[in-house]
Amino acid sequence: MTQATLSTPAARPLARLRDPAWYQEYGVYLAVAVVLLFNALFTEHFMTADNLRTQLVQVAPIVIVALGMALVIGTEGVDLSVGSTMAVAAALLPLYLGYGLVPALVMALLAGALVGAVNGTLVSLVGLQPIVATLALFVGGRGLALVMADGQLKQIVNPDLLSLGTGSFLGIPLVVLIAAVLAVAVAFLVQRTTFGRQVVAIGGNRSAASLAGLPVRRVLIGVYMLCGVLAALAGILATARLTASDPSSLGTLMELSAITAVVVGGTPLNGGSIRVLGTVAGALLMQLLRATLVKHDLPDSTAQIAQAAIIIAAVYVARERRSR
Amino acid sequence: MNETSPAPVAQAPAPRKTPAAAGGGAPRPVTGAPPPLGQRLAELLQRQGVLAVLLTVVIVASFIYPTFATLDNARGVTVQASFLAVVALGMTMVIITGGIDLSVGSVFALGGVLAAWASQWGFLAALFVPLVVCGAIGLLNGFLVARAGMAPFIVTLATLLGARGILLAFTDEGATTYLVPKGSAFAELGQGSVRGFGYPILIALVLFGIGGLVLQRTSFGQTLFAVGGSSDAATLMGLPVARTKVLVYALSGLLAGLAGALNAARLSSGVTIVGVGMELDAISAVVIGGTLLIGGAGSISGTLWGVLLLAVIQNLINQIGSLNSSYQSVVSGGFLIVVVVAQRYLARSRRTT
Amino acid sequence: MAPPEAVPQPPEPGAAAKEAPVPAAAEEITAPAGAVLEARSVSKRFPGVVALDDVTFSLRAGETHALVGENGAGKSTLIKVLTGVYQPDEGELRLTGQQVSFARPFEAQQAGISTIYQEVNLVPLMSVARNIFLGREPKNRFGLIDFGRMHRETTELLDGFGVRVDPKRPLHTLGIGTQQMVALARAVSVNAQVVIMDEPTSSLEPREVETLFRVIEDLRERGIAVLYVSHRMDELYRICDRVTVLRDGRHIHTGDLADLDRMQLVSMMLGRDMAEVSRSGLTSFGPEGHDAARTPVLTATGLSRNHQLHHISLSLYAGEVLGLGGLLGSGRSETAKALAGALSLDSGEIGVGGRTLRRLTSAGAIRAGISLLPEDRKAEGIVPGLSVRENIVLAAMPRLSRAGVVSRARQDRIVDIFMKRLRIKAASPEQKVGELSGGNQQKVLLARWLCLEPKVLLLDEPTRGIDVGAKAEVQSLIDDLAREGLAVLLISSDIEELIEGADRIVVLRGGAVAGELAGDEVAESHLLEVLADHSPAPAGKAPAAQEDPR
Amino acid sequence: ASGCSKSEGSDNASADSSQGAQAAKSPETSSGSGCSLQTYGSPKLDLKDAVVGFSQSEKEANPFRIAETQSIKDEAKKVGVKKLLTTNAQSQLSKQISDIQDMLSQGAQFLIVAPLNSDGLEPALKAAAAKKVPVLTIDRKLNSTACKDYVAFLGSDFVEQGKRAADAMIKTTSGKGKVAILLGASGNNVTTDRTKGFVDQLKAKAPGLEIVAQQTGEFARDKGQQVMEQLIQSKPDITAVYAENDEMGLGAVTALKAAGKKPGKDVKIVSVDGTRNAVQALVNGEYNAVIESNPRFGPLAFATAQKFYGGEEIPENVIISDRAYDETNAKASLGGAF
Ligand SMILES: Nc1ncnc2c1ncn2[C@@H]1O[C@H](COP(=O)(O)OP(=O)(O)OP(=O)(O)O)[C@@H](O)[C@H]1O
Ligand SMILES: Nc1ncnc2c1ncn2[C@@H]1O[C@H](COP(=O)(O)OP(=O)(O)OP(=O)(O)O)[C@@H](O)[C@H]1O
Ligand SMILES: [Mg+2]
Ligand SMILES: [Mg+2]
């Protein structure tokens, strides 16, 4: 029976290097390594602990949002409202900080869950296409945040919240630690839990999943809610780091950053597969890239062209090739 | 409806009679005269839920706001919508093939800047330069998507950045603004009008007419639907899938560039900051118009109604009066939900088979 | 008849000793006379699988050539290599003696090769007429598509195939069988010198199969070569001149079909000796019926759904196989889906074990012990990107996990059992299901439902596209399952299978129950009679639920 | 959600528009040929019975825009206009054009426009001209012909602001050191002008001040913070930061503090706008200078309009005198900041 599996063993090691699947699998990590190497050689003060910590701290909110985005994309969806969700969370924080940190956090996270529930409902129950379903809250969400905040940026003075942004544990900044823990948790969720596998199956073939008795609607709503909560958390951390709640600009263009991270990380946009570690690496790649461009003081025009070229190159290398 | 199902063995040639067609709605004649106008209109409205929504909104608004249903207002709304319409036309075709083009906003801006720059050499240069450059960007998108097999979303996201970068480089980081010579033929293209309806409106209408014909009545158009409906099947049927995709992205780039050029002619200058977020407006218009984002189904006319609906909503928000900008966003987000949900349910009611 | 002709045979695998003797005449000779399309020593490898290993094959003008082999033997891959979907890793193609290489299916079509691929490959959202004329639409004098002519010609063309559908209807609203006929019409209406059909009859009714045969006969008369893949032996013997056997990606035999009897052919395909093969009969259902329980496990009363189902009532008893007969579009699949909660009903009741299930959903049906194997495995069955393992445990996942965390060990145990029991051929349980051959995908789906240990098993075309060996296995499995006390509903377009497998048959027509056959009535002649509706169904038999099963 | 909310103690009281009102720097006489009602060719109008339209360019989501819109609204109420229409272009030029057209078709008789961009409003201006509706532009100057396409411009000179920021920078750094510039949004006129003024002045007056980095912070606090964090690592010897608005400057303050540096001491910070938060930072000693860009256009705008209808000639540019804040006057002027 297994005759067919006996492929030519002699050609193995060589074939693996030439195998496009290898790049598809490890392309992002390779790219991260290349950018690091470039900076080690050509950028002053790059390979220092402080600098690397800065990069990690800056990328943490993007990673957190991208984790949720990866789940949504795994269901063949997309969530454009993450940036607005961050703004909503940021706007809510100062309103409830008077009760203490925990109630404020709970309110912000609940808001994220609520946004996700609305998105999920529109997608799964009403049957809207994800881009339009989430576009509504992308447009309206930030407006709502600004209404709640009265259009004003508010300085945060609560020491507990501020320490969330600046504190560290065993030398690792808390934000980075939180992002790392979440990445591991989401990886576990995707790989090892029924929920995670159902997400992937639904993304792979919705009608098959539904015929197999999977709770498709519930899972979809759950995924969007998770994405919303993660975005809200990112909003909280970003606010803590900024020491101010700034709903007008917090998280603008976050949806594109997150989607880029996910896709560069090797998760296909048409669902059915989720690469969590790849997503983290994708976010890291884009962060290192931005850092490189800033550090070499390139004008914005050059920086944008360079980013475009590198995104294309990275995705090109890791693209899915047809075996023919 | 049973009349179209395979006929039973024994009575193949006889027109099929369904034994149990009780309550089966109006049996559609297999051949015969076209149905009466009223019924056709009803069918049209059902097929295009967005048109029904648009008409409803327009009628209701005309009663509430006296300044809404004026010729003046109609002229203003349509001319502003015409640029988005041209962009959305290309977007419709891309989306029908199952792709997406996020670069249109940047390409629109770049097209405008190039047109304004080239307008110093006359009318043709002002059209030619942006079309060539923007078409080339579209072609690049197409090649990366079709030949290199990369995801359209990410390819065009990159060119969104890239085109904006080129624009900034071309204008000294935005410091230089190129002006269209006053009174030139090119400026007239953007500013002239027929009975108060600007040329851009007419150009958009003509393009939509051509687009509709291409989509519905040419092999190229059919191939777009086939590619979007099932890329694998289209390949196996021997359709030129890759070539079609390349073409459709090139077309989208061209149209975005053209819209940008027209806009520059209208504004008399190559403004650098236009087109930000335009891709999302175009996508919303297309999707509101009933085109499926997964590809394979959609219509040009739907997109036109979608664009108009968005423009009308915008106009209405201004009619409502002094809304704070934050409330404006909330209202337009809410409107968007209402519209797409309404459209969705209207569209669903015809799929009761 | 064509002279015997052979292709240089690859070195026999180790199993050769056990094999049936191959007729000696089939060897020798190098340059095949009159070959239209040839493949010389082609090999095609996929990651972890050698799908074609040095296969040489030739097709002559005017012949109908059968390509046979087990699931996963490489038949579809060979076809895809011949038509430019895949590029061979080694070897070359020749078209009328000239070396060719097709970079895309487009080029193969240009060269006159028309193909119906195994999975229906049309565009579901487009209309029937558009599908048929895609890429070669009739134009009016302005160069625009002439829809009037297109619809007319479509109607005419399909009439020739005995199919009457509105040419404007979107393809996906048709049943799979009708879709298959549309694909056929498209392929044949192109002027081609070679027509390739990969399992064209797997979803056709006897009547459509006859139509197809007429079409093939016609092609043969016009000197067109036909390459024909099928798992149905009787079909091969009826229409094919020569046969090529593949096994595990290798060429085993080419020769006149008339020189081989069924046993020889099957034993060549399976690589087992004749005695072993002959032990299993044609269908592998046991000779005697099953002992059904006295009270039904599942009862359905008055199932109705707008335009599709009209007051369907039936009941299923533990330990029996109930056949559901009917022509294309008669509503069998809809009935099965309704029973499995996958289709909302306008009215009607479904009860399991005496309990009425309200607002049945798929999940609810599964909880109640009802499993449905859907007919369209590509659209509704497999999750192509997931592994064989995950596809098998998909529905059972909650049961195989603790506190929401999946247990690999438990999964592996189940997967191991079922991969062995159904002899699923995959590189490993971790291979993507999308990469398996059609037949093996079907087995994976069967495993998915069997591992739920259901009380009621609804099988919609369970042996479609399954090779003789596997088909026998599935059939005896159905037999065993019924014997173990399972209630099985069997939908099959294979009349033989239905007659031999079912204890009782409910026949549907136009979405309503047209009659029921039980006991001695379960015979081909009776069935055809009811199917063809020569006489109105006996009035008393219509509400099948009231009937005694015996 | 605000029903039962409870915010932290210090709630910044919203700006009091009575304080820190604008004053015209170059009164009437600045340019010889003024614009009068006759030359412009509009019908006479009593503002009290008029429908006035105000087109805001960006979301009222930063102090400048909030104060600007509020000031117009307050003054309209004070003057007692019949109806004030307000629109917001949400940073989209095409929307600003339709906004203006919409207001015209709703019967606006006098327009106050805060242009999003110096170029590109032509269609809107034409529409206004066609209806003989005068347009007064505020805060950003148009590249069109005054007294023909619009009546006049009220506002600050952004190049001048850049120059004054450079002067303040030279003063606080004694003309030596390495400066990083946090640029505004790319492609924006304000960015271009504030950069030009600053860079030119620095070149002319203080060769000892070297510009080592120019990166965009997009006028946003978080972007300013992020860019600053990068610069702190890659150019540790930076001694001064010029931020083209207060928000980015405050982001830089946060970044510097987190990196253990003392903003205002180790690294000098100068920015443009004059928001309350920036002036407060100045009071706290974390900032070195703020060049004001006064958003309270209401009184001046309506006064100008009344003069216009009163038959007076209005100069082409009414440049307002912006204040400058530094350590010495910060505390005293905090109340006037917006
Ligand atoms: N008149 C009709 N209008 C719309 N759809 C129809 C009509 N007749 C049949 N169909 C569709 O055709 C398909 C065929 O029906 P169904 O699958 O129930 O038949 P079947 O007996 O199972 O035949 P098959 O062998 O194709 O499985 C169904 O999807 C049904 O919705
Ligand atoms: N795209 C692919 N990637 C990896 N393996 C593949 C791919 N296509 C086919 N295979 C493998 O090649 C082998 C031959 O498959 P093929 O589809 O040709 O079988 P077949 O003879 O047509 O079987 P069936 O009768 O079930 O249709 C199988 O083992 C299959 O798993
Ligand atoms: Mg096959
Ligand atoms: Mg069926």
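**Reading burial, ligand shells and a metal site**

Modeller: In chain B, 57% of the 353 residues count as buried, where buried means under 20% relative accessible area, exposed means over 50% and partly exposed lies in between, using a 1.4 Å probe and protein chains only. This is a predicted model, in which local features need pLDDT of at least 70 and side-chain atom pairs count only at pLDDT 80 or more, while totals for chains, interfaces and linings use all residues. Residues are numbered from 1 along each chain as its sequence is written, chains are lettered from A and ligands numbered from 1 in the order in which they are written, and side-chain values use heavy atoms, with hydrogens and water left out.

Biologist: How many helices and strands does chain B have, and how much area does it expose?

Modeller: Helices (H or I, at least four residues) and strands (E, at least two) are DSSP runs numbered from the N terminus, and by that reading chain B has 14 helices and two strands. Accessible areas come from the Shrake-Rupley method with a 1.4 Å probe, and for residues only the protein chains shown count as cover; chain B exposes about 13,400 Å², of which carbon and sulfur atoms supply 68%.

Biologist: What does the secondary structure of chain C come to, and what share of its residues count as buried?

Modeller: Chain C has 18 helices and 22 strands, and 61% of its 550 residues count as buried. Its accessible surface comes to about 20,300 Å², with 50% belonging to carbon and sulfur atoms. Contact means heavy atoms within 4.5 Å; among the contacts in chain C with a separation of 6 or more, 67% are between residues 24 or more positions apart, and the corresponding share in chain B is 75%.

Biologist: How do I read a single helix, and which residues of H1(C) are buried?

Modeller: An α-helix has 3.6 residues a turn, so residues three or four places apart point the same way. Helix H1 of chain C (residues 75–82) is mostly covered, with seven of its eight residues buried, and these are C:Lys75, C:Ser76, C:Thr77, C:Leu78, C:Ile79, C:Val81 and C:Leu82. Just after H1(C), C:Gly84 takes a positive phi of about 80°.

Biologist: Which residues come nearest to ligand 2?

Modeller: A residue is near a molecule or strand if one of its heavy atoms lies within 4 Å of it. There are 20 residues around ligand 2, and C:Asn71, C:Gly72, C:Ser76, C:Thr77 and C:Glu435 come nearest. Strand E2 (49–60), H1 and helix H15 (438–450) of chain C each supply at least two residues of this shell, and H1(C) gives the most, with three. If Ala, Val, Leu, Ile, Met, Phe, Trp, Tyr, Cys and Pro count as nonpolar, Asp, Glu, Lys and Arg as charged, and the others, Gly among them, as polar, the shell around ligand 2 has six nonpolar, 10 polar and four charged residues.

Biologist: Where do polar atoms of C:Gly72, C:Ser76 and C:Glu199 lie relative to an oxygen atom of ligand 2?

Modeller: A polar contact is a pair of N or O atoms within 3.5 Å; within protein, one must be able to donate a hydrogen and the other to accept it, and residues adjacent in sequence count only if both atoms are side-chain atoms. A backbone N or O atom of C:Gly72 lies 2.7 Å from an oxygen atom of ligand 2, a polar side-chain atom of C:Ser76 also lies 2.7 Å from an oxygen atom of ligand 2, and a polar side-chain atom of C:Glu199 lies 3.5 Å from an oxygen atom of ligand 2. Of the 630 Å² of accessible area that ligand 2 has on its own, the protein covers 91%.

Biologist: Which atoms coordinate the magnesium ion (ligand 4)?

Modeller: Donors are N, O and S atoms within 2.8 Å of the metal (3.2 Å for Na, K and Ca), and water is not among the atoms, so sites may look incomplete. The magnesium ion is coordinated by C:Ser333 (OG) and, twice, by C:Glu375 (OE), at 1.8 to 2.7 Å. The pair links distant parts of the chain, 42 residues apart, with C:Ser333 in helix H10 (residues 332–339) of chain C and C:Glu375 in the loop between strand E16 (370–373) and helix H12 (377–381) of chain C. C:Ser333 counts as buried because its relative accessibility is 16%, whereas C:Glu375, at 21%, is partly exposed.

Biologist: Is C:Glu453 buried or exposed?

Modeller: C:Glu453 is exposed, because its relative accessible area is 70%; C:Glu453 has a positive phi of about 50° although it is not a glycine, and is found in the loop between H15 and strand E19 (456–460) of chain C.
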